[in-house]
Amino acid sequence: MAYEKVDVTIIGAGVIGLAVAAEVAEEGRKTYILEKNIRFGMETSSRNSEVIHAGIYYPRNSLKAETCVLGNILLYNLAETQAIAHKKTGKLIVATDATEEKVLEELIERGIQNGVGGLVILSREELKQLEPKVRGVAALLSPSTGIIDSHALMRYLVSKSQGRGAVISYISKVIGIEKVSEGYIVAIEEENFSFVTRVLINCAGLNSDRIAEIAGVNVDKVGYRLHYCKGEYFSVSDSKGRLIRRLIYPVPQSDDTGLGVHVTLNLQGEMRLGPNTRYVDEIDYGVDESQRQPFYEAVVKLLPFIQPDDLQPEIAGIRPKLQEPGTGFRDFVIHHEADKGLE
Ligand SMILES: Cc1cc2nc3c(=O)[nH]c(=O)nc-3n(C[C@H](O)[C@H](O)[C@H](O)COP(=O)(O)OP(=O)(O)OC[C@H]3O[C@@H](n4cnc5c(N)ncnc54)[C@H](O)[C@@H]3O)c2cc1C
């Protein structure tokens, strides 16, 4: 059978697949992006806090630290040159007692070692001056943390990819991958259509371990099984939703799964609480109303003006994590894995 020939195929039109496409597409290189949904960015890339992180928490010398610190600079540059809406709000990690205050010292040291610029510890009085409505005994200020319009970022990446000749095909769910001498035969469910691609790039987010399995990788053996970790958000009623100007975080807990329920802002200055971290077995984006009380309790220590009735269930997202419940930090991997039998 004669198959259509493609140079590069990217599975998934989330922010990662689109960013990869914007880099690799070029004239003379036939590039396809296959997306199972009707539009780009309908999954994790539109269900998150839109925070441009600084790189404070990650272990020293990890790829997560290195790429986050560099990515912070690159993302602001891109947003500025391409007029993608964003704001360098700054972020405060707020300690509520002396024990937490000690953790701030560890965090600032780690952040400085990671190369994060401008970090400074604020006294109670200095915190009051910056954020009069926030309660705490001290805080770590990260001036390079901010927020970005993730949809505008993805729109830019779509337009750059298409401008360089990439073709995005929606409602195109990859269901088959077969290794052949010229590359991979890729089968799409909806059209009962197959083609051959020289290079195949898996950016399928929550499904990326399944895509690897379809391609013949034993993900359990090589340690790349994903675990779903849900994060829910509650919005804050209008009357109180604009009383802070920076992102407000608690001191992180030691279990390493999340940053603790925190307070983020959108580009309109509206406040949102979350996300929490709960391992789940299935993809279900509902927000559990019974989380209102734990959210309130987590946040009232920092924002004493909040009442439970101010919180309304908003959205949820799901993180695909290599880290299993109760296990430690897992770094990114950038590596040729012939030693794992992965060609
Ligand atoms: C609650 C939460 C908060 C977060 N907050 C932040 C934050 O503040 N800052 C930050 O930088 N990051 C944050 N993140 C992480 C960030 O959202 C993700 O790293 C990013 O969106 C991942 O993008 P992606 O392209 O890998 O995945 P996705 O956006 O999930 O894209 C994968 C795409 O692949 C498609 N796909 C899957 N299977 C197939 C198939 N078989 N065929 C075709 N297409 C397929 C899916 O439909 C999807 O569109 C957060 C994540 C969560 C869950």
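Where is the place of Met42? In this predicted model, Met42 lies in the loop between strand S2 (31–34) and S3. Together with Ile38 and Ile171, Met42 makes a nonpolar surface patch of about 260 Å². The relative accessibility of Met42 is 31%. Because buried residues fall under 20% and exposed ones over 50%, Met42 counts as partly exposed.

Strand S3 (51–52), which follows this loop, belongs to an open sheet of three strands in the order S3-S8-S4, with antiparallel pairing. Strands S3 and S4 (86–87) are the edge strands of this sheet, each pairing on one side only. Between S4 and strand S8 (residues 146–148), the antiparallel pairing extends over two bridges. Within this part of the sheet, Lys87 is placed opposite Ile147 of S8.

A second region is centred here on strand S13 (227–236). Of the 10 residues of S13, 10 are buried, and the strand is therefore largely enclosed by the rest of the structure. In a regular strand, side chains alternate between the two faces of the sheet. Both faces of S13 are covered. One side carries His227, Cys229, Gly231, Tyr233 and Ser235, and the other carries Tyr228, Lys230, Glu232, Phe234 and Val236, all of them buried.

Strand S13 has several antiparallel pairings. With strand S18 (311–321), S13 pairs over nine bridges in the antiparallel sense, and Ile318 of S18 is the bridge partner of Lys230. With strand S17 (residues 278–280), S13 forms an antiparallel pairing over three bridges; here Lys230 stands opposite Arg278. Strand S16 (271–274) is likewise paired with S13 in the antiparallel sense, over two bridges, and Leu273 of S16 stands opposite Phe234.

Strands S13, S16 and S18 are also among the elements that cover the buried residues of helix H8. In this helix, which spans residues 292–300, the buried positions are Arg292, Phe295, Tyr296, Val299 and Val300. These residues lie on the same side of H8, because they cover an arc of only 115° around the axis. An α-helix has 3.6 residues a turn, so residues three or four places apart point the same way. The buried side of H8 is thus described by Arg292, Phe295, Tyr296, Val299 and Val300, with S13, S16 and S18 included in its cover.

Note on methods:
Residues are numbered from 1 along each chain as its sequence is written. This is a predicted model: local features need pLDDT of at least 70, side-chain atom pairs count only at pLDDT 80 or more; totals for chains, interfaces and linings use all residues. Side-chain values use heavy atoms; hydrogens and water are left out. Buried means under 20% relative accessible area, exposed over 50%, partly exposed in between (1.4 Å probe, protein chains only). Helices (H or I, at least four residues) and strands (E, at least two) are DSSP runs, numbered from the N terminus. The arc is that of the directions from the helix axis to the C-beta atoms. Contact means heavy atoms within 4.5 Å. Two strands pair if DSSP finds at least two bridges between them. Patches are made of residues with over 30% relative accessible area and no salt bridge: like charges are joined within 9 Å, nonpolar side chains (Val, Leu, Ile, Met, Phe, Trp, Tyr) within 5 Å. Accessible areas come from the Shrake-Rupley method with a 1.4 Å probe; for residues, only the protein chains shown count as cover. A salt bridge is a side-chain nitrogen of Lys or Arg within 4 Å of a carboxyl oxygen of Asp or Glu.
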